[in-house]
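This report describes the fold of one chain and then looks at one of its helices. The sequence and structure come first.

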Amino acid sequence: MLFGNKILDYKDELLADLNTLLSIESVASEKPEECSKALDFILQRAKDFGLIGEKITEQSAHIQLGNNGKLCGVLSHLDVVPQGNGWTYPAFALTEDNGRFYGRGIADDKGAALVNLYCLRALKDAGIEGANTIRAIYGTSEEVGMDDMDGYFEKMPLPDYAFTPDSDYGICFAEKGILQLEVSTILNNATLLTQFHSGNAINAVPDLAYAILDSSSYDEQTLMRLADASEGNFEFKYSIDGLVIISRGKAAHACEPHKGSNAAAALVDVISNAYESREIGSICSFIDYAINNETNGRSLGLKMSDSVSGNLTVNLSSVDIDDEQTAKARFDIRYPVTVKGESVLSQFKRVAHNSDLKVNVIHHEPPLYVEKDSKLIKALSEAYESVTGEKAVLYSTGGGTYARKLQGKGVAFGPNFKNDDIRMHNSNESVDVNNYFTHAQICLEAMYRLYTDNSL
């Protein structure tokens, strides 16, 4: 019998705790106090289970089992992206319906974070003697830059071997570089566009955008014809401030922008076809000629790929223009592992400067690459195969996980299966119930093997 199967003994308790954890609205960009609450909940449950937990910084903590051999880590995050629009189910609760679990964070990453804790509990309850030390490491600002892990590893040593269940199965051995940028002007220099707002999270495709234009009824008819000819979903109405255009799209993770429908980009496309550059301003004009509805960076001169990690992607994450205040837009670029981030930034700046826009680097994470024949990948592959009966596929991603904080000593491994439409960073985020518990078994098996393997 596989040790990983023992996690199923805790199924009812795990789901009760999962409901509590999902109910905590731990959106780091909006409610840092709720992030602290989530961290405290995990530490309290660890104490209840007789495990040793420690808060390392205000944004991080770990729970440890054993004190021998190599240090093995399992990293997960307790913060989530904002709720967003279009939910059918309560966003901050656990709902089971038609064989699926719903709730913000169930797939990214609270569902896996809680499994990590219960895996430690299962190892302790079984009285397993470890050849190594294992830590479940928790952070609360992964979605907004991973400063939590920077702070954690300033005080704690890097694990010798680690994985983060914050991606897909099989094993992610390479992660693209992440370059998040903001372009801005000191003032809104548009003559007709008075407001434009879209996007809450820089690592998500915006599903809603609206603009206000000081325009005539003739303009409205032109805009409506352009909207009808486009692939977007638009609504027009008048307010005291002018003509309001609402654009609706589909959210997605910024690492896979082609899976969404960018409401902001669609709205810029419509208004830029109806007005001249001076009427819509520098920000929208830049988006029109340098981004438009593209996600491959072609018009920016950034279309590129490599054989390890695939294509560069560009996501228009947000636009904020408000009367005469500063006008700005944010972008999330994922670039191939063999490319230098400095060259991507230099090219982006070159194009933005043509529109007299200031470019500010919000966040930059270099790429991650781990050798395919490493001891870590071998151990995780064996755990995956022992539970599923299938070989673990090695793959690369445009997503960013805590693995890139591990200096080549860690990879992303699970918790989600590629055939499962989890709707990450979208409304109705969910996982298949059977897949969730299959992951739990794989995770426990992997942690058991790392904890007990004296050959590491």
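Which residue just after H2 takes a positive phi? Gly 50 does, with a phi of about 80 degrees.

This is a predicted model, in which local features need pLDDT of at least 70, side-chain atom pairs count only at pLDDT 80 or more, and totals for chains, interfaces and linings use all residues. Residues are numbered from 1 along each chain as its sequence is written, and side-chain values use heavy atoms, with hydrogens and water left out.

The chain contains 10 helices and 26 strands, taken as DSSP runs numbered from the N terminus (helices H or I, at least four residues; strands E, at least two). Its C-alpha trace spans about 75 × 45 × 40 Å along the principal axes. Of the 456 residues, 61% are buried, meaning under 20% relative accessible area with a 1.4 Å probe, protein chains only. Among contacts (heavy atoms within 4.5 Å) with a separation of 6 or more, 76% join residues 24 or more positions apart.

Helix H2 covers residues 32-48, and its end C-alpha atoms lie 25 Å apart; this agrees with the 24 Å expected for 17 residues at 1.5 Å a residue, where the rule is 1.5 Å times one less than the number of residues. Its buried residues include Cys 35, Leu 39, Ile 42 and Ala 46. An α-helix has 3.6 residues a turn, so residues three or four places apart point the same way.

Elements that cover the buried residues of H2 include these:

| Element | Residues |
|---|---|
| Helix H1 | 11-23 |
| Strand S1 | 52-57 |
| Strand S2 | 60-65 |
| Helix H3 | 110-125 |
| Strand S6 | 133-139 |

Technical notes: Buried < 20%, exposed > 50% of the residue type's maximum accessible area, 1.4 Å probe, protein only.
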